Amino acid sequence: MQKTIPCVLMRGGTSRGPFFRAEWLPEDVGKRDRVLLSAMGSPHELQVDGLGGGNSLTSKVAIVSRSTRPGCDVDYLFAQVSVDRELVDTRPNCGNMLSAVGPFAIDQGIVPAGDGETRVRIYNVNTRSTIDALVQTPDGRTEYEGNASIDGVPGTGAPIRLNFLDAWGSVTGKVFPTGHLQDIIDGVAVTCIDAAMPMMIVRAASLGAAGNETPAQLDANLSLVERLEALRREAGRRMGLGEVTDSVIPKPVLVSAGKHGDMVVSRYFTPHKCHRSHAVTGAIGVATAFVTPGTVAFDLGAMRSPGVHRIEVAHPAGRIEVDVELRSASSSLEVRGAGLIRTARKIMEGQLYVPAHLF
């Protein structure tokens, strides 16, 4: 016997996956995760028996519910479903999938659409952070078509503005969880940062890389990947995340200098393969490190004054522009907000079949 559950397949930013309202899934976490593994077709390298695309970027799930938190419209729980293991990780956030949460909430009637533009305040359950999504709603309906383009996605769509309000230190309690702007791990200088996503940032040159390699070239460099993973595990312990072997956080990132003082080149790992483009949350974290004096990324750019600065995070498929707000704090500057533009698209809506015994 098979059971049907409602499902909406959506692209959010450069990622794709099924969206569910929380009430469509089992309340029990173990049963819920088994349903998600079946829905995606995991574990299997091609995910041939489910909705997954055989890649971490297309093996993601969004679970949305009406929020009971003051000032918030919806709660968003992100789940990273492993392609080749029976593992569902709900520790990280995904800013690309986040792009489609606002449109999904409006289409589902959770948030009433305004005339012209609708603000959806999203509470990310994974990282306990709040994000405003500004969705285009002419005539009181979600608009997916438009002229905005993002690198890593063909075509154009309606712009969705994401403003991260309190993502700094939301997972570990501190922007720099180790208490240092730089740490030395096995002789390598790294910056451990919790800004929208817990990450370990390393200069590419410190590991013998140029920083502008393709994802395929980096994935094929097994010694580099192994070294990066060893550094990541120790960084996770120092950040208070415990044993992170079976977790996708912290994310390891290689950075190098860009073409001008407001650009940083980033190679973001997910964590065992290089991202084909870049995570939105990762771009927020990289930009934060880039404008913070003392990090391994700071010397790659230029000195800045208080105000809003547009930072370009260059990645294998192009770039992400992040507007970073800097404010004076004691004797230095700190990031108080960040925003960027994404697009999303509803691909399919219908009934998903899963084995009834999973419930």
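A residue is called exposed here when its relative accessible area is over 50%, and buried when that value is under 20%. With those cut-offs in mind, the tour below moves through a predicted model, one selection at a time.

**First stop: D139 and A196**

Select D139, which sits in the loop between β7 and β8 (160-164). Its relative accessible area is 71%, so D139 counts as exposed, and its phi is near 60°, a positive value in a residue other than glycine. Then select A196, in the loop between β10 and β11, where phi is again positive in a residue other than glycine, near 75°. Is A196 buried or exposed? With a relative accessibility of 3%, A196 is buried, whereas D139 is exposed.

**Second stop: V135 in strand β7**

Go next to strand β7, which covers residues 129-137 and contains V135. The relative accessible area of V135 is 1%, and the residue is therefore buried. To see what packs against V135, display G102, P103, I106, G116, E117, T118 and T142, which are its contacts once neighbours within four places in sequence are set aside. A distance label drawn from the C-alpha atom of V135 to that of A113 should read 9.0 Å, for two residues that are 22 residues apart along the chain.

**Third stop: helix α5**

Now select residues 222-238, the 17 residues of helix α5, whose end C-alpha atoms lie 24 Å apart; this agrees with the 24 Å span expected at 1.5 Å a residue. Colouring the helix by accessibility will pick out L224, V225, L228, E229, L231, R232, A235 and G236 as buried. Which elements cover these buried residues of α5? Among them are the strands β9 (183-185), β10 (188-194), β11 (198-203) and β12 (251-257), together with helix α4 (215-220).

While still on α5, show the side chains of E234 and R238, which form a salt bridge whose closest N and O atoms are 3.0 Å apart. The two residues are separated by about one helical turn, because they stand four residues apart in the helix. Both ends of this pair are partly exposed, E234 with a relative accessible area of 23% and R238 at 34% relative accessibility. Just after the helix, look for G240, where phi is positive at about 85°.

**Fourth stop: other salt bridges**

The structure as a whole holds 21 salt bridges. One of them joins D75 to R69, with the closest N and O atoms 2.6 Å apart; D75 is buried at a relative accessible area of 10%, while R69, at 33% relative accessibility, is partly exposed.

Another joins R161 to D323, where the closest N and O atoms are 3.3 Å apart. This pair brings together distant parts of the chain, since R161 belongs to strand β8 and D323 to strand β15 (residues 318-329), 162 residues apart. R161 is partly exposed at 24% relative accessibility, and D323 is buried with a relative accessible area of 12%.

**Last stop: two cis peptide bonds**

Finish with the backbone at P43, in the loop between α1 (29-40) and β3 (60-66), where the peptide bond joining S42 and P43 is cis with omega of about 0°. Then move to P271, in the loop between β13 (263-268) and α6 (280-290); the bond from T270 to P271 is also cis, with omega near 10°.

Methods. Residues numbered from 1 in each chain as written. Predicted model: local features only at pLDDT ≥ 70, side-chain atom pairs only at ≥ 80, totals over all residues. Heavy atoms only, no water. Expected span 1.5 Å × (residues − 1). Buried < 20%, exposed > 50% of the residue type's maximum accessible area, 1.4 Å probe, protein only. Contact = heavy atoms within 4.5 Å. Salt bridge = Lys/Arg side-chain N within 4 Å of Asp/Glu carboxyl O.
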